[in-house]
Amino acid sequence: METMLVTGGAGFIGSNFIRYMLNKYPDIKIVNFDALTYAGNLENLTDCENKPNYIFVKGNITNKEEVDYIFSKYKFKWVINFAAESHVDKSILNPMAFAETNFIGVCNLLDSSRKNDVSLFIQVSTDEVYGSLGDSGYFTENSPIKPNSPYAASKAAADLMIRAYFKTYGFPAIITRCCNNYGPYQFPEKLIPLVITNALEDKPIPVYGDGKNVRDWIYVIDHARGIEIVWQKGKIGEVYNIGASQELTNIDLVKKILNILGKPETLIKYVTDRPGHDRRYAIDASKIREELGFYPAFSFDQALKETVNWYKDNRRWWERIKSGAYTTYYEEWYKRQLGLKE
Ligand code: NAD
Ligand code: TYD
């Protein structure tokens, strides 16, 4: 049985990817290597625990011994790296953790992957490495790398090391850069689950700045499908943007969610802007469409409604997270740094 290493598989996108792959490819063994940070949660994969081709190993990509151990225990054909510190606000508070996991951790994975002759390494990167757009234009794979947040810079640093591995060693890597994801199991620090869960609790919904920042959204299963097609048909050494052409201002998105939930717009509270807040992200996904035949399968309105329903049906999942130590700490920081403007 051929084996795939998925790092960060206990997080939001990684867990959705693993479920999707296990169901579709029962003949591939998937090893999920995850440090279970505040964002990692084995409950995200409870329904997969008993599958014969799924194995979870707790480990940290910043720890070279643990990375060496997993590569000595299994012979990986493919490595797909989702493991990351993923929240921009947190990176403003603690950039070092982002440098360690998102750059040094990736260097550890690259070293072990090269020494163990993996056939393909996919780095799950982000459109945030391109920086910010004005009112017009799109990010292509040739857009300059101009990250603005510590999160984006740490992801960009990894992308550059991967490029160097390809150029120097002919290392078989591909980078994907996706836009903002939404769907089930997303940690409620991110905008969409934060809005849904705060609204369900009738708590204020913090909107940064003027609320006119634009994000380009994709359903998490479409992101998984994009990675799948890159894994099947992608060309070594290439970068592929993944997107679904669904731009929205934050305020329009928040109002849409409140409307789905039947909650009042009076819950919206404008708060002090995030420092260095990127104005607009928008993906040109023509390369993956034209070269690999990738088309998103989910409509935004339908998938957003299903996501809202998932949070309604899975209160226990997010209530436990929101009452946890991390969230208390985060909320304290949030109130101090940004200060709720009434
Ligand atoms: P997430 O924060 O929900 O999950 C990250 C996972 O990585 C968690 O399970 C965590 O325990 C694990 N992890 C963190 N540090 C680790 C370490 N040092 N060693 C091992 N495991 C570690 O993140 P997500 O939203 O699922 O994002 C997954 C990947 O996709 C990230 O690389 C992110 O940069 C990228 N991405 C995310 C989005 C988005 O909208 N969320 C968009 C584009 C790209
Ligand atoms: P986020 O989900 O943190 O993703 P990213 O910063 O990686 O795009 O934020 C999405 C957008 O929502 C971003 O423009 C910041 C904004 N935002 C708010 O207005 N309020 C919030 O409480 C959060 C978490 C984000």
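**Exercise 1. Which residues of helix 1 are buried?**

Solution. Step 1: the buried residues of helix 1 are Phe-12, Ile-13, Gly-14, Ser-15, Asn-16, Phe-17, Ile-18, Arg-19, Tyr-20, Met-21 and Leu-22. Here, buried means under 20% relative accessible area, exposed means over 50%, and partly exposed is in between (1.4 Å probe, protein chains only). Helices (H or I, at least four residues) and strands (E, at least two) are DSSP runs, numbered from the N terminus.

Before going on, a word on the model: it is predicted, so local features need pLDDT of at least 70 and side-chain atom pairs count only at pLDDT 80 or more, while totals for chains, interfaces and linings use all residues. Residues are numbered from 1 along each chain as its sequence is written, chains are lettered from A and ligands numbered from 1 in the order in which they are written, and side-chain values use heavy atoms, with hydrogens and water left out.

Step 2: 11 of the 13 residues of helix 1 are buried, so this helix is largely enclosed by the rest of the structure.

Step 3: now check its length. The expected span of a helix is 1.5 Å times one less than its number of residues. For the 13 residues of helix 1 that gives 18 Å, and the end C-alpha atoms are 19 Å apart, which agrees.

**Exercise 2. Look at Asn-16: what lies 3.1 Å from a polar atom of its side chain?**

Solution. Step 1: find Asn-16 in helix 1. Step 2: its relative accessibility is 3%, so Asn-16 counts as buried. Step 3: the partner of its side chain is the backbone oxygen of Pro-184, 3.1 Å away. This is a polar contact, meaning a pair of N or O atoms within 3.5 Å; within protein, one must be able to donate a hydrogen and the other to accept it, and residues adjacent in sequence count only if both atoms are side-chain atoms.

**Exercise 3. Describe the surroundings of ligand 1.**

Solution. Step 1: list the neighbours. There are 29 residues around ligand 1, and Asp-34, Asn-60, Ser-86, Tyr-151 and Lys-155 come nearest. A residue counts as near if one of its heavy atoms lies within 4 Å.

Step 2: look at the polar pairs. An oxygen atom of ligand 1 is 2.7 Å from a polar backbone atom of Ile-13, and a nitrogen atom of the ligand is 3.1 Å from a polar backbone atom of Ala-35. The side chain of Lys-155 also has an N or O atom 2.7 Å from an oxygen atom of ligand 1.

Step 3: see how well it is covered. On its own, ligand 1 has 830 Å² of accessible area, and the protein covers 97% of that. (Accessible areas come from the Shrake-Rupley method with a 1.4 Å probe; for residues, only the protein chains shown count as cover.)

Step 4: sort the shell. Helix 1 (12-24), strand 5 (120-126), helix 5 (150-169) and strand 7 (180-182) each give two or more residues, and strand 5 has the largest share with 3 residues. By type, the shell around ligand 1 holds 14 nonpolar, 13 polar and 2 charged residues. Ala, Val, Leu, Ile, Met, Phe, Trp, Tyr, Cys and Pro count as nonpolar, Asp, Glu, Lys and Arg as charged, and the others, Gly among them, as polar.

**Exercise 4. Now do it for ligand 2: which residues come nearest?**

Solution. Step 1: of the 17 residues around ligand 2, the nearest are Glu-128, Pro-206, Arg-215, Arg-274 and His-277.

Step 2: polar side-chain atoms lie 3.2 Å (His-87), 2.9 Å (Asn-250) and 2.5 Å (Arg-274) from an oxygen atom of ligand 2. The protein covers 97% of the 510 Å² that this ligand has on its own.

Step 3: helix 6 (191-200) and strand 8 (205-208) each give two or more residues to the shell, with strand 8 providing the largest share, 3 residues. The shell around ligand 2 divides into 7 nonpolar, 5 polar and 5 charged residues.

**Exercise 5. Where do the buried residues of helix 10 lie around its axis?**

Solution. Step 1: name them: Phe-300, Ala-303, Leu-304, Thr-307, Val-308, Trp-310 and Tyr-311. Step 2: these residues cover an arc of only 155 degrees, which puts them on the same side of helix 10. The arc is that of the directions from the helix axis to the C-beta atoms.

**Exercise 6. Is Gly-262 buried or exposed?**

Solution. Step 1: locate Gly-262 in the loop between helix 8 (250-261) and strand 12 (268-271). Step 2: at 63% relative accessibility, Gly-262 counts as exposed.
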